[in-house]
Amino acid sequence: MKTFIDKLLRNPVTFEITSLFVYAFYCLVFAAASIPSVFLIYKGMQVLDSSFFSLFLFTVICFFSFYVFLVFSSIVVGFVERILTLGFKPGSYPPGSPVFFRWLIYSGLHLWLVNLVLPFIRGNNWIKIYLRVAGAKVGKETFINTNEIYDAYLLEIGNEVLIGGEVFLNCHLFEHGHLILDKIVIGDNSTIGANAYLTPGSKVGKNGAVGMYTYLRRNTEIADGETVMTPPGMSIRQIVKLMRDGGK
């Protein structure tokens, strides 16, 4: 199987043909998620005439159908993502492996969701519902204000966690030509500042905090109650002096 997939991906002709089928699959998934919205618009068109009231009513129906699209897409796509990633475990996967191939299909579908749906539902309960459907563990009273979440099936977020805007929760990376998958775990009552970037294997303990724009390298562990942050913009001379003075 590995050899077959490897040849499939390396051959330009078979790669393009496979890509067409994969994109067709993405279209079918979002088409299925759009059925309730299209039905609402279809019903709205039946009452449409030249009167101001009917035009206004049709406009309301169109915008409401967009909201319905967001809700159904987050659930339908989350369910499909969960199926695509069944059996995925933390580890290293070479190109051409079944997991690698399935992950490529999953990641393409997820990019559609990241750009079309998640920006409009972040900060409310629907993004938490999506994450749970996709396989993530999300606690109670948690606030998530970002759409940059990848590989939700490897994500564990505790209770009363605050995740700021534009935070990257990225449970995968490529290293030495291999796909690396690992969990990101965020403990109860923790805070992840805006634009922070958490990589595979990151663990934030209970009551921990990650400052704004802070990058956590792979397998970084933050102890309970600990705060980490990227130092503000300073010259090298200032940083050296700060180190010599012991932070005074």
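Strand 5 (residues 155-157) and strand 10 (residues 184-186) run side by side in the parallel sense, joined over 3 bridges. One contact to look for is Glu-156, whose bridge partner in strand 10 is Val-185. Keep in mind that this is a predicted model. Both strands belong to an open sheet of 5 strands, ordered 2-5-10-13-16, and a second open sheet of 5 strands has the order 3-6-11-14-17. Beyond the sheets, there are pockets, a bent helix and a couple of loop residues to visit.

**The sheet with strands 5 and 10**

- Pairing is parallel in this sheet, with the strands in the order 2-5-10-13-16.
- Strand 2 (137-138) and strand 16 (221-222) sit at the edges; each has a single partner strand, so one side of each is left without a neighbour in the sheet.
- As a bit of background, strands of a sheet pair through backbone hydrogen bonds, either parallel or antiparallel.

**The other sheet**

- Here the order is 3-6-11-14-17, and the pairing is parallel.
- The edges belong to strand 3 and strand 17 (227-228), each with a single partner strand, so one side of each has no neighbour in the sheet.
- Inside this sheet, strand 11 pairs with strand 14 (residues 209-210) in the parallel sense over 2 bridges.
- If you want a pair of residues to find there, try Thr-191, whose bridge partner in strand 14 is Ala-209.

**Two loop residues with positive phi**

- Glu-141 has a phi near 55°, a positive value in a residue other than glycine.
- You'll find Glu-141 in the loop between strand 2 and strand 3 (143-144).
- Glu-141 counts as exposed because its relative accessibility is 66%, over the 50% cut-off.
- Asn-189 also isn't a glycine, and its phi is positive, near 60°.
- The loop that holds Asn-189 runs between strand 10 and strand 11 (191-192).
- With a relative accessible area of 36%, Asn-189 is partly exposed.

**Helix 2**

- Helix 2 has 35 residues and reaches 48 Å from its first C-alpha to its last, close to the 51 Å expected at 1.5 Å a residue.
- There is a bend of about 45° at Ser-34, and a proline, Pro-36, follows within four residues.
- Ser-34 is also one of the buried residues of helix 2, a list that includes Thr-18, Val-29, Phe-30, Ala-33, Ser-37 and Gly-44.

**The largest pocket**

- The volume of the largest pocket is about 210 Å³.
- Its lining takes in 12 residues, with Phe-15, Ser-19, Val-22, Tyr-26 and Leu-104 lying nearest the centre.
- Two elements give two or more residues to this lining: helix 2 (12-46) and helix 4 (98-116).
- Helix 2 supplies the largest share, 6 residues.
- Ser-19, Val-22 and Tyr-26 turn up among the buried residues of helix 2 too.
- By type, the lining of the largest pocket has 9 nonpolar residues, 3 polar and no charged.

**The second largest pocket**

- The second largest pocket has a volume of about 180 Å³.
- It is lined by 14 residues, and those nearest its centre are Phe-88, Gly-135, Tyr-153, Leu-154 and Lys-183.
- This lining divides into 6 nonpolar, 3 polar and 5 charged residues, while the lining of the largest pocket has no charged residues.

Definitions and conventions: Residues numbered from 1 in each chain as written. Predicted model: local features only at pLDDT ≥ 70, side-chain atom pairs only at ≥ 80, totals over all residues. Heavy atoms only, no water. 1 Å grid on protein atoms, 1.4 Å probe; cavity = no way out; pocket = protein on both sides within 12 Å on 5 of 7 lines; lining within 4 Å. Points joined across faces, edges and corners; volume = space filled by probe spheres on them. Nonpolar A, V, L, I, M, F, W, Y, C, P; charged D, E, K, R; others polar. Pairing = 2+ DSSP bridges. Expected span 1.5 Å × (residues − 1). Bend = angle between axes of the 7 residues up to and from the residue. Buried < 20%, exposed > 50% of the residue type's maximum accessible area, 1.4 Å probe, protein only.
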